Amino acid sequence: MLQDTLNHVQDPVVLEGLTQVGAATVLAALVVILSRQRGLELESELSVAFVRGFVQVVAVGLVIGVLLTVPMAWSTLILLGMVGGATWISRQRGEGLPGVTQVSFLAITVGAGLVIVTMTWAGAIEPTVRSLVPVGSLVIANAMKINSLALDRLKDELQDKRDEIEVGLALGGPPRAVLARHLRTSVQASLIPVVDSLKSLGWVWIPGVMAGMILGGENPVYAALYQFVIMAMIFAAGGLTSMLTSLLMGRRVITEAEQLRRAGDGGS
Amino acid sequence: MPDAPPLATRNLTRVVDGQTLIADVTIEARAEEVFVVFGASGSGKTSLLRLLNRLDEPTRGTVFLDGTDYRDIEPRTLRRRVGWVPQQPTLVAGTVAENVVWGPKLRGEPVDDGRLHKLLDRLGLSGFEERAADRLSGGEAQRVAIARTLFNDPNIVLLDEPAASLDAEAADRVESLLAGVMDAYALTAVLVTHDADRARRLGQRGVRLEGGQVVQGGAVKTVVK
């Protein structure tokens, strides 16, 4: 495993990459200098972010280099670890919502998991670590983002529209009917970025996977088709995650006596 | 239970984060009377009202409706029997008619248009059916909120200072219309107010709350002194 990592580092292409990093760093340094000259007081933050980004991404490259050498069965564990991390990050957006950690974990696992399994079965994702981990991480990361947006919007809705919800409950309305429009708003808001991305796909924005495949010499039409598959996977996983989160959260924010819980009630 | 009052509480208590909002409140509202809960701002009036239709959960004690512990009544049934008019009308986006029929709509029940028009007429809202709820004055919005509660056909109504946020003229109009519908529908009401004159005009008996506790009970004129 160590030998594999050393082989990756000593590859001549890495030296070539470092030269390119040097050129990019000169450009970034220019921004830092300009920031200093214009008194924007951003140079410290920009420098730290730049160095931190470099260290993080190289570390990830090394880790992926190691991961590519492990048996395929490890993919499940790696992806589950990613879901765990995604849950941890996403739950912070719904801080105070009851059972937000459990709901996020379940929703991301089912939403992203179902799409990854189905598309692997359909042949769009190769059943190898090299393919499963990067494509899976893309799907999980986007499911996380959409889950975070759904939680954030739902939390706002429950706070801002608390009076309206309680009037509905006080009229003897079933909680599901009373909450319906607020849950719908949360799902719709969470999907706006991915829907806009789909709308602008190709003519405003050429996404990373497609750009990478074309740069790597792949047939541009196939690259475009594969990019669409990726976007569709992101949309499906995000939509499932968001809907599941709203469905489960809709049940958790209401008590057995059909009262609207207050933020902080009912654990996290 | 034939002789049981429509609404009674026993040692009703609510504690939130170690703070006692309502402490050992025992009250009884008789049939067709307006029972007043009088007190200054922060005395616990609204907290008490929210316990009566179980929008909040008592920490201790309970409420009896016609002698039945309300924890034995399904929440949706309970809230149809005990209507609530909040301090702010809190209307939803849509027309006046859509707001008034919101209760049955949420439950997927059919709406009797004849009853709707009759109720709007009684509350001085005739011809308002298609008007947008966000274009109403404060007094009109509060009357729509009262109509929304009454359209749900409750036996008891909880009135949380329904005229407190209105100007004097609109408040008087709401008060006189309220007095009229209470009589016409033979309703029992619990009225929360800090306005002694209004309490005297509308109520028969009541309690004065201080720090979530009943400090005096009896005829309204003695309670609001």
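# Exercises on a predicted two-chain model

In chain A, 75% of the contacts with a separation of 6 or more join residues that are 24 or more positions apart. The model is a predicted one, and the exercises below work through both of its chains.

**Exercise 1. Describe the make-up of chain A, from its secondary structure to its domains.**

Solution. Begin with the elements: chain A has 10 helices and 0 strands, so that its pattern along the sequence is written with ten-fold repetition of the helix symbol, α-α-α-α-α-α-α-α-α-α. Next, consider the extent of the chain, whose C-alpha atoms fill a box of roughly 70 × 55 × 40 Å along the principal axes. Of its 268 residues, 31% count as buried. Finally, the domain assignment divides chain A into domain 1 (1-69) and domain 2 (73-268), and the C-alpha centres of domain 1 and domain 2 of chain A lie 30 Å apart.

**Exercise 2. Determine which residues touch the most other members of the largest nonpolar core, and which helix gives the most to this core.**

Solution. The largest nonpolar core holds 114 residues, and those that touch the most other members are A:Val139, B:Ala147, B:Ala189 and B:Val190. The greatest contribution to this core comes from helix H6 (residues 129-160) of chain A, which gives 14 residues. Taking A:Val139 as a case, and leaving aside residues up to four places away in sequence, one finds that A:Val139 touches A:Ala112, A:Val115, A:Ile116, A:Met233, A:Ile234 and A:Ala237.

**Exercise 3. Characterise the side of chain B that touches chain A.**

Solution. The contact takes 19 residues from chain B and 16 residues from chain A. On the side of chain B, the elements that give two or more residues are helix H2 (75-81) and helix H4 (102-107). Sorted by class, this side of chain B has 7 nonpolar, 5 polar and 7 charged residues.

**Exercise 4. Explain why the buried residues of H7(B) lie on the same side of the helix, and state what they pack against.**

Solution. Helix H7 (residues 168-184) of chain B has 17 residues and reaches 24 Å from its first C-alpha to its last, which is close to the 24 Å expected at 1.5 Å a residue. Its buried residues include B:Ala171, B:Val174, B:Leu178 and B:Met182. Because these residues cover an arc of only 65 degrees around the axis, they fall on the same side of H7(B). The face turned away from that buried side carries the exposed residues B:Glu169, B:Ser176, B:Asp183 and B:Ala184. The buried residues of H7(B) pack against strand E4 (34-38), helix H6 (138-151) and strand E9 (188-193) of chain B. Just after H7(B), B:Ala186 takes a positive phi of about 50 degrees.

**Exercise 5. Decide whether B:Asp153 and B:Glu161 are buried or partly exposed, and locate each of them.**

Solution. B:Asp153 has a positive phi of about 65 degrees although it is not a glycine, and B:Asp153 is found in the loop between H6 and strand E8 (156-160) of chain B. Because B:Asp153 has 13 C-beta neighbours inside 10 Å, B:Asp153 counts as partly exposed. B:Glu161 likewise is not a glycine and has a positive phi, of about 40 degrees, and its place is in the loop between E8 and H7 of chain B. With 23 C-beta neighbours inside 10 Å, B:Glu161 counts as buried, since the cut-off for a buried residue is 20 or more.

**Exercise 6. Describe the surroundings of B:Arg205.**

Solution. B:Arg205 lies in strand E10 (residues 205-210) of chain B, and with 19 other C-beta atoms within 10 Å, B:Arg205 is partly exposed. Not counting residues up to four places away in sequence, B:Arg205 touches B:Glu33, B:Phe35, B:Gly218, B:Ala219 and B:Val220. By contrast, B:Val144 stands 61 residues from B:Arg205 along the chain, and their C-alpha atoms are separated by 27 Å.

How values were computed. Residues numbered from 1 in each chain as written. Chains lettered and ligands numbered in written order. Predicted model: local features only at pLDDT ≥ 70, side-chain atom pairs only at ≥ 80, totals over all residues. Contact = placed C-beta atoms within 7 Å. Helix = DSSP H or I, 4+ residues; strand = E, 2+ residues; numbered from the N terminus. Nonpolar A, V, L, I, M, F, W, Y, C, P; charged D, E, K, R; others polar. Expected span 1.5 Å × (residues − 1). Buried ≥ 20, exposed ≤ 12 C-beta atoms within 10 Å, placed from the backbone. Arc of directions from axis to C-beta. Domains from an automatic or database assignment. Core = buried A, V, L, I, M, F, W, Y, C linked by C-beta atoms within 7 Å.
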